[in-house]
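Please look over the structure shown here. The briefing after it takes up metal sites and a chain interface.

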Amino acid sequence: MPEILDQARKQVLENGVGLDEAGVLAVLNLPDEHLPAALQLAHEVRMRWCGPEVEVEGIVSLKTGGCPEDCHFCSQSGLFTSPVRSVLLDIPSLVKAAKQTAATGATEFCIVAAVRGPDARLMKQLREGVAAIRAEVDIQIAASLGMLSQEQVDELVDMGVHRYNHNLETCRSYFPNVVTTHSWEERWETLRMVRESGMEVCCGGILGLGETVEQRAEFAAQLASLDPHEVPLNFLNPRPGTPLGDRPVVEGKDALRAIAAFRLAMPRTILRYAGGRELTLGDLGTREGLLGGINAVIVGNYLTTLGRPATDDLALLDDLKMPVKALSATL
Amino acid sequence: MTTTRVWCDRCGEPADAGGHPACRAARELEPPRFCAHCRRRMKVQVLPVGWAAACVEHGELRG
Ligand code: SF4
Ligand SMILES: [Zn+2]
Ligand SMILES: [Zn+2]
């Protein structure tokens, strides 16, 4: 057994203290033959500190495309020659999407907009949308609208948005290679305000942007210091027309190593499978991740790409004897 | 109105005899982006279940 896994067994599994950056790096550098042991330990940590439930979420794009920012992985930036066009979702369709999501057994519905930050019109649309969903659908509502002002944070709390997603995307040292129109620190500032407001903080990122293994470890440590309620883990799905459109996808084993390492850095967080898992891990890898530290999934489609059918994921959870977290358990 | 599919609905290039195997594979996990009849970029809304893509000239597709 590699020393780092012995250390993690005592420190993380028994005492609930996450690995630091050096520890995460050691896990990310484990040779293939020790990957099963790392995943097994990460799974034990998840079971011990989070329990067997899996949180299921659906997401929908309220405003697609035409974003003024230049995140190099994103097909929704208006600055690249991506084929994604701007489109707005109307409120009846938003409510229908929430109903479809709730029908899968999901307890979370995240409303996302491709913007630097929301303007008054978007906030009004969101307020109406959230009210319409709450009138008809029993589901918790999260939002992801970019960078916020303090007033907007307060407004979201007032609307009843219970969790806010704002991804740091990658570590601080690599961020300027991925985004030039705003800074990592600006994102951090929004996260700070969200945390202070009492909303749950959801913050993750994308692996495979060209960061080094050391930078992946740096990212895990920075996320751990934020201590988010939820960490969505995406794997780059290279989008045509974007600066990262020709990058290779993350290798399945590296993705699994990252899942185990992020879990060992953050024993209590909700670690969610987000975009790119179909491409990077396929069906087998998806299963291995759920047995290696993941305890939440996005079901159904993503914002501009499609996922596998929710029924496939639910059947997998059933097969793994992992109960879907119920609404009553989350309130 | 033409009904032949002249353009690849993923990359917007001419739909040749080869049939764009990479585009076809990618389309399993992506909605169409270009109208196959006129090559216009469509307005595409992805929903948790399904998607809708609209061309101003050729109307709406759902999947
Ligand atoms: S801010 Fe969000 S929507 Fe805009 S380019 Fe960046 S990732 Fe895409
Ligand atoms: Zn093509
Ligand atoms: Zn057309």
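The notes below cover two zinc sites in chain B and the contact between chain A and chain B.

This is a predicted model, in which local features need pLDDT of at least 70, side-chain atom pairs count only at pLDDT 80 or more, and totals for chains, interfaces and linings use all residues. Residues are numbered from 1 along each chain as its sequence is written, chains are lettered from A and ligands numbered from 1 in the order in which they are written, and side-chain values use heavy atoms, with hydrogens and water left out.

**Zinc ion (ligand 2)**

- Cys8(B) (SG), Cys11(B) (SG), His20(B) (ND1) and Cys23(B) (SG) are the protein donors, 2.1 to 2.3 Å from the zinc ion (ligand 2).
- Donors are N, O and S atoms within 2.8 Å of the metal (3.2 Å for Na, K and Ca); water is not among the atoms, so sites may look incomplete.
- The arrangement is tetrahedral because the four donor atoms subtend angles of 98 to 122° (four donors count as tetrahedral if all angles lie between 85 and 135 degrees).
- Along the chain these donors have the spacing C-x2-C-x8-H-x2-C.
- Cys8(B) lies in the segment before helix 1 (21-26) of chain B and Cys23(B) in that helix, so the pair ties together parts 15 residues apart in sequence.
- Helices (H or I, at least four residues) and strands (E, at least two) are DSSP runs, numbered from the N terminus.

**Zinc ion (ligand 3)**

- The protein donors here are Cys35(B) (SG), Cys38(B) (SG), Cys55(B) (SG) and His58(B) (ND1), at 2.1 to 2.3 Å from the zinc ion (ligand 3).
- This site is also tetrahedral, with angles of 105 to 115° among its four donor atoms.
- The donor residues are spaced C-x2-C-x16-C-x2-H in sequence.
- Cys38(B) counts as partly exposed because its relative accessibility is 23%, while Cys55(B), at 5%, counts as buried.
- Buried means under 20% relative accessible area, exposed over 50%, and partly exposed in between (1.4 Å probe, protein chains only).

**Interface of chain A and chain B**

- The contact (heavy atoms within 4.5 Å) takes 27 residues from chain A and 18 residues from chain B.
- The two chains bury about 1900 Å² between them, 56% of it on carbon and sulfur atoms; this is the accessible area (1.4 Å probe) that two parts lose on being put together, summed over both.
- On the chain A side, Pro83(A), Arg85(A) and Leu306(A) lose the most area to chain B, together 34% of what that side buries.
- One salt bridge is found across the interface (a side-chain nitrogen of Lys or Arg within 4 Å of a carboxyl oxygen of Asp or Glu).
- Glu30(B) and Arg239(A) meet through their side chains in a salt bridge, at 2.6 Å, N to O.

Technical notes
Four donors count as tetrahedral if all angles lie between 85 and 135 degrees; four count as square planar and six as octahedral if opposite donors are over 155 degrees apart and all others between 65 and 115; anything else is irregular.
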